[in-house]
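I opened this entry to record what I looked up in the model, beginning with burial and going on to helix packing.

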Amino acid sequence: MAEEANEDIKAMSFEKALEALEKIVDDLERGDVPLDQSIRIYERGEALKAHCDRLLKAAEDRVEKIRLSRDGKPVGTEPLDAE
């Protein structure tokens, strides 16, 4: 049931998910949220965090570094973490 309530998270951008996660943290830190609601929003926070982690990992995988020639001119790109 919690998964169904969090279906909208899959379509969120990193920025929107992070904003929603920050609001949840603020709400929980305030401490005036009823226990049952705290549990629901905590679970949503966990789903938002996992989504942000996935998006961040995908972005990191796409990052490339620029290769320079001996004279300092760009000659192409290569994966950031070349093995």
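**Helix H3 and its cover**

I looked first for the buried residues of H3 and found Ser38, Ile41, Gly45, Leu48, His51 and Cys52. The model is a predicted one. I noted the general rule that an α-helix has 3.6 residues a turn, so residues three or four places apart point the same way.

I then looked up the extent of H3. The helix runs over residues 35-62, 28 residues in number. From first C-alpha to last it reaches 41 Å, close to the 40 Å expected at 1.5 Å a residue.

**Packing of H2 on H3**

What covers the buried residues of H3? I found that the cover includes helix H2 (14-30). I recorded an angle of about 150 degrees between H2 and H3, with the axes 9 Å apart. H2 is therefore roughly antiparallel to H3. The crossing of H2 past H3 is left-handed.

I listed the residues that make this contact. H2 contributes Phe14, Ala17, Leu18, Ala20, Leu21, Ile24, Asp27 and Leu28. From H3 I noted Ser38, Ile41, Tyr42, Arg44, Gly45, Leu48, Lys49, His51, Cys52, Leu55 and Leu56. Sorted by class, the contact of H2 with H3 holds 13 nonpolar, three polar and three charged residues.

**Asn6**

I turned next to Asn6, which sits in the loop between helix H1 (2-5) and H2. Is Asn6 buried or exposed? Its relative accessible area is 13%, and buried means under 20%, so I entered Asn6 as buried. Leaving out residues up to four places away in sequence, I found that Asn6 touches Glu43, Arg44 and Ala47.

Technical notes: Residues are numbered from 1 along each chain as its sequence is written. This is a predicted model: local features need pLDDT of at least 70, side-chain atom pairs count only at pLDDT 80 or more; totals for chains, interfaces and linings use all residues. Side-chain values use heavy atoms; hydrogens and water are left out. Helices (H or I, at least four residues) and strands (E, at least two) are DSSP runs, numbered from the N terminus. The expected span of a helix is 1.5 Å times one less than its number of residues. Buried means under 20% relative accessible area, exposed over 50%, partly exposed in between (1.4 Å probe, protein chains only). Contact means heavy atoms within 4.5 Å. Axes are lines fitted to C-alpha atoms, for helices over the stretch in contact, and angles run from 0 to 180 degrees between N-to-C directions. Angles under 35 degrees count as roughly parallel, over 145 as roughly antiparallel, 65 to 115 as roughly perpendicular and the rest as oblique. A crossing is left-handed if the near helix is turned anticlockwise from the far one by less than a right angle, and right-handed if clockwise. Ala, Val, Leu, Ile, Met, Phe, Trp, Tyr, Cys and Pro count as nonpolar, Asp, Glu, Lys and Arg as charged, and the others, Gly among them, as polar.
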